Amino acid sequence: MTDQNTRLGILLMVVTTFVFAVQDGISRHLASEYNVFLVVMLRFWFFGAFAVWIATRQPGGLRRTMQSGAPRTQFFRGVLLAAEICVMVLAFVLLGLVESHAVFTCYPLLVAALSGLVLGERVGWRRWMAIGVGFIGVLVILQPGVAVFSPAALVPLAAATMFAIYGLLTRYVSRTDSAMTSFFWTGTVGALAMTPVGLWYWEPISGPDWFWMSALCVTGALGHWLLIRCYEVAEASAVQPFAYLQLVFASIVGITIFGETLERNVAIGAGIVVLAGIFTLWREAVASRRERRAIPT
């Protein structure tokens with residue numbers, strides 16, 4: 001991996017987080033006007049069509065791209081991501097972008113905590129300490145036991161848990177499937193899963209909101225494409241810490257567009273979570289390098 005590729009990967013990750021933050025702002029607007037399931041269904045229709053189009057342009061075409069060594073797991077991944085997006089968009093409506101993303105940033109810690117159970121990976125004491133510190137940050141954000149605490153604050157925590165499991169299953173299927181195969185299954189299965197639910201809640205969409213719905217679909221597809229390109233040109237360990245910029249961009253959108261406020265406890269707690277998450281990612285990269293050096297060539 002060259003420095004130039006790493007720099008390009010970092011740039012792509014920064015742009016990706018910005019695109020996803022814009023997408024979250026559009027999702028919040030639309031979900032406050034229409035049913036969440038309808039919004040997510042239309043988003044996945046475009047995502048699924050985009051995934052099929054990308055698959056047809058791969059070596060071997062659609063037939064080869066859709067072949068999976070773990071089809072049941074891939075199917076579950078697609079359904080899980082669709083459900084997670086519904087939960088997270090609901091969180092945007094209930095809590096706003098700032099607090100939702102502040103809680104959601106704990107998902108890398110959940111990935112580390114569950115990696116032993118799901119993937120059989122060893123988690124050292126340093127990472128366990130970071131996980132513990134990170135969840136102290138989550139408690140600072142949620143303020144359990146304080147009068148202002150709302151059960152709705154648990155909604156983005158549920159979304160983070162679902163996304164962490166989705167991420168672990170993505171690692172699991174990567175042992176047999178390519179990134180493009182996983183991308184294809186994610187888009188198409190999500191579209192299939194959301195269609196019967198979204199159609200049940202169908203309602204007319206106004207002319208101006210069709211523009212925002214189109215923007216939601218385009219930003220979703222663009223964000224996923226940029227993420228694929230990011231991981232193609234740079235190692236995940238080098239670019240993953242920059243994914244936390246989505247919290248910054250989403251907070252800017254929430255404050256400037258939707259008039260949200262950044263409470264002190266949310267800022268402090270999010271800072272703790274982000275630092276703990278970056279440390280966890282760093283320790284994971286160190287452990288991965290040690291494993292590679294231990295493998296005889």
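The exercises below, each with a worked solution, concern a predicted model.

**Exercise 1. Overall make-up**

Determine how many helices and strands the protein has, and what share of its residues is buried.

*Solution.* Begin with the secondary structure, which comes to 13 helices and zero strands, so that the pattern read along the sequence is α-α-α-α-α-α-α-α-α-α-α-α-α. Turn next to burial: of the 297 residues in the protein, 48% are buried. Finally, consider the contacts between residues at least 6 apart in sequence, of which 88% join residues at least 24 apart.

**Exercise 2. The packing of helix 2 against helix 4**

Describe how the axes of helix 2 and helix 4 are placed relative to each other, and state which residues make the contact.

*Solution.* Two packed helices are described by the angle between their axes and the distance between the axes. Here, the axes of helix 2 (residues 36-56) and helix 4 (residues 71-95) come within 10 Å, and they cross at roughly 130 degrees. Because an angle over 145 would be needed for roughly antiparallel and 65 to 115 for roughly perpendicular, helix 2 is oblique to helix 4. The crossing in which helix 2 passes helix 4 is right-handed. On the side of helix 2, the contact is made by Val36, Phe37, Val40, Arg43 and Phe44, while helix 4 contributes Leu81, Ala82, Ile85, Cys86, Val89 and Leu90. Sorted by class, this contact has ten nonpolar residues, one charged residue and no polar residues.

**Exercise 3. The nonpolar cores**

Identify the residues with the most contacts inside the largest nonpolar core, and find which helix gives the most to this core.

*Solution.* The largest nonpolar core has 33 residues, and those with the most contacts inside it are Leu30, Val40, Phe44, Phe183, Met194 and Met213. Two or more residues each come from helix 1 (3-33), helix 2, helix 4, helix 8 (154-173), helix 9 (179-200) and helix 10 (207-233). Helix 2 gives the most, with eleven residues. Another core, of 17 residues, lies apart from this one and includes Phe104, Leu109, Ala159 and Leu168. To look at one member of the largest core, take Met213, which, leaving aside neighbours within four places in sequence, is in contact with Leu30, Val39, Leu42 and Ile205.

**Exercise 4. The setting of arginine 28**

Decide whether arginine 28 is buried or exposed, and list its contacts beyond its neighbours within four places in sequence.

*Solution.* Arginine 28 lies in helix 1. Its relative accessible area is 17%, and since buried means under 20%, arginine 28 is buried. With neighbours within four places in sequence left aside, arginine 28 is in contact with Phe92, Val93, Gly96, Leu97, Phe258 and Glu260.

How values were computed:
Residues are numbered from 1 along each chain as its sequence is written. This is a predicted model: local features need pLDDT of at least 70, side-chain atom pairs count only at pLDDT 80 or more; totals for chains, interfaces and linings use all residues. Side-chain values use heavy atoms; hydrogens and water are left out. Axes are lines fitted to C-alpha atoms, for helices over the stretch in contact, and angles run from 0 to 180 degrees between N-to-C directions. Helices (H or I, at least four residues) and strands (E, at least two) are DSSP runs, numbered from the N terminus. Angles under 35 degrees count as roughly parallel, over 145 as roughly antiparallel, 65 to 115 as roughly perpendicular and the rest as oblique. A crossing is left-handed if the near helix is turned anticlockwise from the far one by less than a right angle, and right-handed if clockwise. Contact means heavy atoms within 4.5 Å. Ala, Val, Leu, Ile, Met, Phe, Trp, Tyr, Cys and Pro count as nonpolar, Asp, Glu, Lys and Arg as charged, and the others, Gly among them, as polar. A nonpolar core is a set of buried Ala, Val, Leu, Ile, Met, Phe, Trp, Tyr and Cys residues joined through side-chain atoms within 4.5 Å. Buried means under 20% relative accessible area, exposed over 50%, partly exposed in between (1.4 Å probe, protein chains only).
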